[in-house]
Each structure stands twice: as C-alpha cells, then as structure tokens.
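Biologist: I would like to go through this model by question and answer, with the cut-offs stated as we go.

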Amino acid sequence: MLKSNFLDKRISAIKEFTDIIKTLNPDSHSIKTILNILEENQVLYEIFGPNSHIQLVNKCKELIGFLAENNYLTTEDLKIILKSTKTTYLKGKITTLKLLREISWKLNENLLHEIINSILSEINPNELIEDEISLIKEISLKLTNISIKEKCINFFFNSLGKYLNDSEFLSTIFCLAKDE
C-alpha cells in the first residue's frame, strides 16, 4: 500500500506499521521481522524519496521516533531523510526539519553528529531558513562532543555576520539564543 498512487492508502500503510510497532516489545523477535520488512520495502525511501508528501512525513513521526528511540534508525536511514531536505520544495523541507527537531531528543550522539555535519557542510547561508537554525540550536544543546558544539557556535557566528543588516534574521537568532 505504501507504493500506491493514492495518498490515503500510503498514509494508511504508515499508520499500520506504526500501530504494529507500538504493540511489540522493542527487544522481541517480531520487531526484527518488522524492521526487515521496513528495510526490504524501502519504507523510508517511500516516505522521504521522490514520491514524498508532507502528509506522509507528518504521519511517520511516531514510526521514526520509535526507530530512533530504540537505536534502530541507522546513519543510512538518516541520510535518506536528510536528502529529502535538499530535494523537496520549501514546505516539504520545513516539514522534514520540524520532524527531525521533534525527534532529536531520541537520537543518539552519532546521528546528531550526522545531522549537524550534513546541514553545516551543505548549507547556503543566503538560503538559510528559520527551521534549520532551530534544528541546529536544538541539537547543539544535546551534544556532548565539544568539537561538534564548536562547529555549531561557529555556524551561528558566521551566519550572524552575514546578516547583520537583516533585522528579522537577527531577531530570530536572538530569540533562539534565549532559553525558551
């Protein structure tokens, strides 16, 4: 159903996967079977690939959160998700960035590093959006690795320097710098 041309069927498939996973013990043999099914059917690619849709991304939050929380989300999975922020239109990018921000507290340190490295290595300061800033801020608060934290701080200072004449950007940076 996830490969259907009908969005409602694709959403139903995600809901079914999520409902099944929520009923299983994370350490059970059944969960490994479900994970194999997810991998064999390229579920993350179907959600975040070329046929992605905002509603699919919104509906997969629990699924992605479960995978992250139980250390089943791999670096390769995360790369598929991150790639979608570069290939989708702005609303799709924002939706995916918000998803990552919402589940970031469930991600292990290696996946947090992957997000930071991906965003900071490919970001165009002229096309910087508030959701990227928010995600980097959220992750930087969770990091324990000093060198990655320094990368985040340098990013903020470099971004700030490029936008000193943009009062809206400065306002966003200052609001994010405060503890909300």
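Modeller: Contact means heavy atoms within 4.5 Å. This is a predicted model, in which local features need pLDDT of at least 70 and side-chain atom pairs count only at pLDDT 80 or more, while totals for chains, interfaces and linings use all residues. Residues are numbered from 1 along each chain as its sequence is written, and side-chain values use heavy atoms, with hydrogens and water left out.

Biologist: Which residues is His113 in contact with, leaving aside its neighbours within four places in sequence?

Modeller: His113 sits in helix H8, residues 109-122; helices (H or I, at least four residues) and strands (E, at least two) are DSSP runs, numbered from the N terminus. His113 is buried at a relative accessible area of 15%, where buried means under 20%, exposed over 50% and partly exposed in between, with a 1.4 Å probe and protein chains only. Leaving aside neighbours within four places in sequence, the residues in contact with His113 are Leu143, Asn145 and Ile148.

Biologist: What secondary structure does the chain have, in helices and strands?

Modeller: Read along the sequence, the pattern is α-α-α-α-α-α-α-α-α-α-α. Counted up, the secondary structure comes to 11 helices and 0 strands.

Biologist: What percentage of the contacts between residues at least 6 apart in sequence join residues at least 24 apart?

Modeller: The chain has 180 residues, of which 44% count as buried. Among its contacts between residues at least 6 apart in sequence, the share joining residues at least 24 apart is 65%.

Biologist: Which members of the largest nonpolar core touch the most other members?

Modeller: A nonpolar core is a set of buried Ala, Val, Leu, Ile, Met, Phe, Trp, Tyr and Cys residues joined through side-chain atoms within 4.5 Å. The largest one holds 49 residues. Those that touch the most other members are Leu38, Ile47, Phe48, Ile64 and Ile115.

Biologist: Which residues does Ile64 touch, not counting those up to four places away in sequence?

Modeller: Ile64 is one of the buried residues of helix H5, residues 61-69, along with Leu63, Gly65, Phe66, Leu67 and Ala68. The buried residues of H5 pack against H1 (7-23), H2 (29-40), H3 (43-48), H6 and H7 (90-103). Outside the four-place window, Ile64 touches Leu44, Phe48, Leu73, Ile81, Leu99 and Ile103.

Biologist: What is the phi of Asn71, just after H5?

Modeller: Most residues other than glycine have a negative phi. Asn71 lies in the loop between H5 and H6 and is exposed, with a relative accessible area of 54%. Although Asn71 is not a glycine, its phi is positive, at about 60°.

Biologist: Where is Gln42, which also has a positive phi?

Modeller: Gln42 has a phi near 50° and is a residue other than glycine. Its relative accessible area of 45% makes Gln42 partly exposed. The place of Gln42 is the loop between H2 and H3.

Biologist: At what angle do H8 and H9 pack?

Modeller: Two packed helices are described by the angle between their axes and the distance between the axes. Axes are lines fitted to C-alpha atoms, for helices over the stretch in contact, and angles run from 0 to 180 degrees between N-to-C directions. The axes of H8 and H9 (residues 130-142) are 10 Å apart, and the angle is about 145°.

Biologist: How do the residues of the contact of H8 with H9 divide into nonpolar, polar and charged?

Modeller: The contact is made by Glu109, Leu112, Ile115, Ile116, Ile119 and Leu120 of H8 and by Leu135, Ile136, Ile139 and Lys142 of H9. Ala, Val, Leu, Ile, Met, Phe, Trp, Tyr, Cys and Pro count as nonpolar, Asp, Glu, Lys and Arg as charged, and the others, Gly among them, as polar. The division is 8 nonpolar, no polar and 2 charged.

Biologist: Is Leu2 buried or exposed?

Modeller: Leu2 is in the segment before H1. Leaving aside neighbours within four places, Leu2 is in contact with Arg10, Ala13, Ile14, Val43 and Glu46. At 8% relative accessibility, Leu2 counts as buried.

Biologist: Which residues does Lys86 touch, not counting those up to four places away in sequence?

Modeller: Lys86 lies in helix H6, residues 75-87, and is partly exposed at 39% relative accessibility. Outside the four-place window, Lys86 touches Ser118 and Glu122.
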